[in-house]
Amino acid sequence: MPSSYSSNVGIELPANGEQAGTWGNVVNSNMAIIDRLTSGVGYNYLTGTTGTISIANAILSNGHYPVIIFNGAPSGENTVSITPSTVQRVFIFKNTTSENVVISQGTGAGGTVTLVPGESKI
């Protein structure tokens, strides 16, 4: 049975007996993800009008940070999509740009949060 991954942050869950000789690499990658999840601050540099916060399996991703500060020079209101749309996370967002930042996850009512310049939200 191959590795599986945790549903919200993509930590690798090796099957019994798997990863012989590479276990240290898996553990080190998982520990780096956990470190970022518990105490990291990420900066998301925005340009244009769209951006992404992603969480990928078994690799460090910008969606692992609990605190995300938006900076940069977007060319207008910037819509940032969280992928995958099924992730369940709590984030603290801060908008340090001069444009609105719209956080989007999934579709339907309640699927977006808007941060005006200078605003922070959980």
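This report walks through one helix, one open sheet and a group of aromatic rings in a predicted model.

## Helix α1

Let's start with the helix. Helix α1 covers residues 23-39, and its 17 residues should span 24 Å at 1.5 Å a residue. The C-alpha atoms at its ends are indeed 24 Å apart, so the expected and computed lengths agree.

Which residues of α1 are buried? They are V26, N30, I33, R36 and L37. These residues take up an arc of only 120° around the axis, which means they sit on the same side of α1. The general background is handy here: an α-helix has 3.6 residues a turn, so residues three or four places apart point the same way. What the buried residues of α1 pack against is β2 (12-13). Go round to the face turned away from the buried side and you find the exposed residues N28, T38 and S39.

## The open sheet

Now for the strands. Four of them make an open sheet, running in the order β4-β6-β8-β9 with mixed pairing. β4 (50-54) and β9 are the edge strands, as each pairs on one side only. From one strand to the next, the twist averages 20°.

Strand β8 (residues 101-104) is a good place to see the mix. With strand β6 (residues 78-83), β8 pairs in the parallel sense over four bridges, whereas with strand β9 (residues 112-115) the pairing is antiparallel, again over four bridges. I103 shows both sides of this: I103 is the bridge partner of V80, and in β9 its partner is V113. V101, for its part, stands opposite L115 in β9.

Where do the side chains of β8 point? V101 and I103 go one way while V102 and S104 go the other, and all of them are buried. That fits the usual pattern, since in a regular strand the side chains alternate between the two faces of the sheet.

## Aromatic rings

Last, the rings. The model has two aromatic pairs. In one, the ring centres of F70 and F93 are 5.5 Å apart and the planes are at 25°; that angle is under the 30 degrees cut-off, so the pair counts as stacked. This pair links distant parts of the chain, with F70 in strand β5 (residues 67-72) and F93 in strand β7 (residues 92-95), 23 residues apart.

The other pair is F91 and F93, also stacked, at 5.2 Å centre to centre with 25° between the planes. F70 and F93 are both buried, and F91 is buried too. Put together, F70, F91 and F93 form one aromatic cluster.

Notes
Residues are numbered from 1 along each chain as its sequence is written. This is a predicted model: local features need pLDDT of at least 70, side-chain atom pairs count only at pLDDT 80 or more; totals for chains, interfaces and linings use all residues. Side-chain values use heavy atoms; hydrogens and water are left out. Helices (H or I, at least four residues) and strands (E, at least two) are DSSP runs, numbered from the N terminus. The expected span of a helix is 1.5 Å times one less than its number of residues. Buried means under 20% relative accessible area, exposed over 50%, partly exposed in between (1.4 Å probe, protein chains only). The arc is that of the directions from the helix axis to the C-beta atoms. Contact means heavy atoms within 4.5 Å. Two strands pair if DSSP finds at least two bridges between them. Axes are lines fitted to C-alpha atoms, for helices over the stretch in contact, and angles run from 0 to 180 degrees between N-to-C directions. Rings of Phe, Tyr and Trp (its six-membered ring) pair if their centres lie within 6.5 Å; planes under 30 degrees apart count as stacked, over 60 as edge-to-face and the rest as tilted.
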